[in-house]
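Welcome! Please take a moment to look over the sequence and the 3D view before reading on.

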Amino acid sequence: MARPREFDEEAVLLLAVERFWEHGYEATSIRDLAAVMGLTSASIYNTFGDKRSLYRRALDFYVDHSFGDRVGRFEGNLPPRRAIEAFFNEIVARSLEDTKRKGCMLVNSALEVAPRDPEFQRVVANVLVQVEAFFRRCIEAGQRDGTISNGQSADDMARMLLGMLLGIRVLARTRPERALLEGLIRPAFVLLDPRSVAH
């Protein structure tokens, strides 16, 4: 009869997330993971599979607890335009608090792993599609209730916000400066404002 696991799977997965997030996929070995997770290599393989499988689990966990959590808190609980503003204000705040300059694990994966791994390319692309869809839903709702400008299509504005999000996350790793990051989002907020378009 198999022995029950003597560890909290979610707790040790979070430790793996932190290791991958700070050091990246290539620079993290199973030995490193075993050390930070407090498990043997055999336990890691038995529970999560190989390093690539564990990285996939870690990335999914990260996305659920960052983007998924943020959308869950803002969409439907705040007016559409306010949801977008709260989303970006939180991204800037988190970026400025990131003293280790880990950045965003999803963006890090897009740059490090996805170019050489078709599965991870699909995983990252799918999450970015979800982020864009969140922006589009908010913009469409705001355009309907008059709080967001109709000067640009919802599709184009959603893509602009996605590009801005990725830009903030990359820039913040080398220049985590409040004036820079807030200066990036201010023009976008002006574009969203229905008063910015002459009628």
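Here is a short tour, from the overall fold to a few pairs of charged side chains.

**The whole chain**

This is a predicted model. The protein chain has nine helices and zero strands, so its pattern along the sequence, helix after helix, reads α-α-α-α-α-α-α-α-α under the definition of helices and strands used here. Along its principal axes, the C-alpha trace spans about 70 × 35 × 30 Å.

Of the 199 residues in the chain, 44% are buried. Among contacts with a separation of 6 or more, 66% are between residues 24 or more positions apart. The chain exposes about 10700 Å², and carbon and sulfur atoms supply 53% of that area.

**An annotated region**

The UniProt record, an unreviewed entry, places the feature "domain: HTH tetR-type" at residues 6–66. Over residues 6–66 the chain is 77% helix and 0% strand, and the C-alpha atoms at the two ends lie 27 Å apart.

**Charges and salt bridges**

The protein chain carries 28 positive and 28 negative charges, and their mean positions are 2 Å apart. Side chains of opposite charge can pair when their charged atoms come close. The structure holds 24 salt bridges, and the table shows some of them.

| Salt bridge | N to O distance |
|---|---|
| Asp117 and Arg52 | 2.8 Å |
| Arg81 and Glu85 | 3.1 Å |
| Asp155 and Arg136 | 2.6 Å |

Which parts of the chain does the salt bridge between Asp117 and Arg52 tie together? Asp117 lies in the loop between helix H6 (105–112) and helix H7 (118–145), while Arg52 is in helix H4 (residues 51–74), so the pair ties together parts that are 65 residues apart in sequence. Asp117 is buried, with a relative accessible area of 12%, whereas Arg52 is partly exposed at 31% relative accessibility. Both residues also belong to a network of salt bridges that links Arg52, Arg56, Asp60, Asp117 and Glu119.

The salt bridge between Arg81 and Glu85 sits within one helix: both residues lie in helix H5 (residues 80–97), four residues apart, about one turn of the helix. Is Glu85 buried or exposed? At 16% relative accessibility, Glu85 counts as buried, because buried means under 20%.

Asp155 forms a salt bridge with Arg136. This pair links distant parts of the chain, with Asp155 in helix H8 (residues 154–174) and Arg136 in helix H7, 19 residues apart. Asp155 counts as partly exposed, at 32% relative accessibility.

Terms used. Residues are numbered from 1 along each chain as its sequence is written. This is a predicted model: local features need pLDDT of at least 70, side-chain atom pairs count only at pLDDT 80 or more; totals for chains, interfaces and linings use all residues. Side-chain values use heavy atoms; hydrogens and water are left out. Buried means under 20% relative accessible area, exposed over 50%, partly exposed in between (1.4 Å probe, protein chains only). Contact means heavy atoms within 4.5 Å. Accessible areas come from the Shrake-Rupley method with a 1.4 Å probe; for residues, only the protein chains shown count as cover. Lys and Arg count as positive and Asp and Glu as negative; His and the chain ends are not counted. The place of a charge is taken as NZ of Lys, CZ of Arg, CG of Asp or CD of Glu. UniProt positions are given in the numbering used here, feature names are shortened, and annotations may be inferred rather than shown by experiment. A salt bridge is a side-chain nitrogen of Lys or Arg within 4 Å of a carboxyl oxygen of Asp or Glu.
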